[in-house]
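Here is a short briefing to read with the model open beside you. Take a moment to turn the structure around before you start on the points below.

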Amino acid sequence: MSEPKKRKPAGRGGDRKDAPPPKDPSGRILPHDLDMERDTLSACFRNKLVILQVRPYLRQEHLFGEQHQIIYEAMLAVAAENKPVDMNTVRSKLRATGMLERAGGATYLADLTKNRPEIQNVVSY
């Protein structure tokens, strides 16, 4: 008999290949796409109005990548303080709360906006 497979912790960039897929309250598997999550976060950094558009629909627990959950929570906190949601304010918030490294570090934050497509209808994502 083979031994049960041990789960590995989430890796850099929200890579959770061994984690179970997210489920809604009724137990249905929710759609999840780490690239789409990165694109959505990138859109929030690029266009200051996007966070206001997605905030009513997107909750932290909707994101599959742990780093993405942490970054989005920081974005919401910055927006709640009526500050612009940009790379500097979010990085400062993550640093102040001791979550910058868990969010992937300053390099991961910067990489979120590199080579990401422009999203016109981010709410539909």
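Two residues are said to be in contact when heavy atoms of theirs lie within 4.5 Å. With that in mind, helix 3 and helix 4 meet through I70, I71, A74, M75, A77 and V78 on the helix 3 side and T89, V90, K93 and L94 on the helix 4 side. Please keep in mind that this is a predicted model.

**Overall make-up**

- The protein chain has five helices and zero strands, so its elements read α-α-α-α-α from the N terminus on.
- The chain has 125 residues, and 39% of them count as buried.
- About 8100 Å² of the protein chain is exposed, with carbon and sulfur atoms supplying 50% of that area.
- Among contacts with a separation of 6 or more, 61% are between residues 24 or more positions apart.

**The nonpolar core**

- The largest nonpolar core holds 25 residues, and F45, I71, Y72, M75, V90, L94 and L109 have the most contacts inside it.
- At least two residues of this core come from each of helix 1 (34-46), helix 2 (50-54), helix 3 (66-80), helix 4 (87-96) and helix 5 (105-111).
- Helix 3 gives the largest share of the core, with seven residues.
- What does L109 touch, once its neighbours within four places in sequence are left aside? Its partners are F45, I71, M87, R91, L94 and L100.

**Where helix 3 packs on helix 4**

- The axes of helix 3 and helix 4 are 9 Å apart and make an angle of about 110°.
- Angles of 65 to 115 degrees count as roughly perpendicular, which is why helix 3 and helix 4 are described that way.
- The residues of this contact divide into eight nonpolar, one polar and one charged.
- K93, found in helix 4, touches A74, A77, V78 and E81 when residues up to four places away in sequence are not counted.
- K93 and E73 are 20 residues apart along the chain, and their C-alpha atoms are separated by 9.8 Å.

**The loop between helix 3 and helix 4**

- N82 is found in the loop between helix 3 and helix 4.
- Is N82 buried or exposed? Its relative accessibility is 72%, so N82 counts as exposed, the cut-off being over 50%.
- Most residues other than glycine have a negative phi. N82 is not a glycine, yet its phi is positive, at about 55°.

**Two buried charged residues in helix 1**

- E37 lies in helix 1, and R38 has its place in helix 1 too.
- Why does E37 count as buried? Its relative accessible area is 7%, and buried means under 20%.
- Leaving out residues up to four places away in sequence, E37 touches H62, L63, F64, G65 and H68.
- One of those partners, L63, is 26 residues from E37 along the chain, with 6.8 Å between the two C-alpha atoms.
- R38 is buried as well, with a relative accessible area of 18%.
- R38 and L112 are 74 residues apart in sequence, while their C-alpha atoms are 6.2 Å apart in space.

**To take back to the model**

- For the core, helix 3 is a good place to begin, as the largest share of core residues comes from it.
- For the packing of helix 3 and helix 4, look at the ten or so side chains by name, including I71, M75, V90 and L94.

Conventions. Residues numbered from 1 in each chain as written. Predicted model: local features only at pLDDT ≥ 70, side-chain atom pairs only at ≥ 80, totals over all residues. Heavy atoms only, no water. Helix = DSSP H or I, 4+ residues; strand = E, 2+ residues; numbered from the N terminus. Buried < 20%, exposed > 50% of the residue type's maximum accessible area, 1.4 Å probe, protein only. Areas by Shrake-Rupley, 256 points an atom, 1.4 Å probe, with all protein chains shown as cover. Core = buried A, V, L, I, M, F, W, Y, C linked by side-chain atoms within 4.5 Å. Axes fitted to C-alpha atoms, helices over the stretch in contact; angles between N-to-C directions. Parallel < 35°, antiparallel > 145°, perpendicular 65-115°, else oblique. Nonpolar A, V, L, I, M, F, W, Y, C, P; charged D, E, K, R; others polar.
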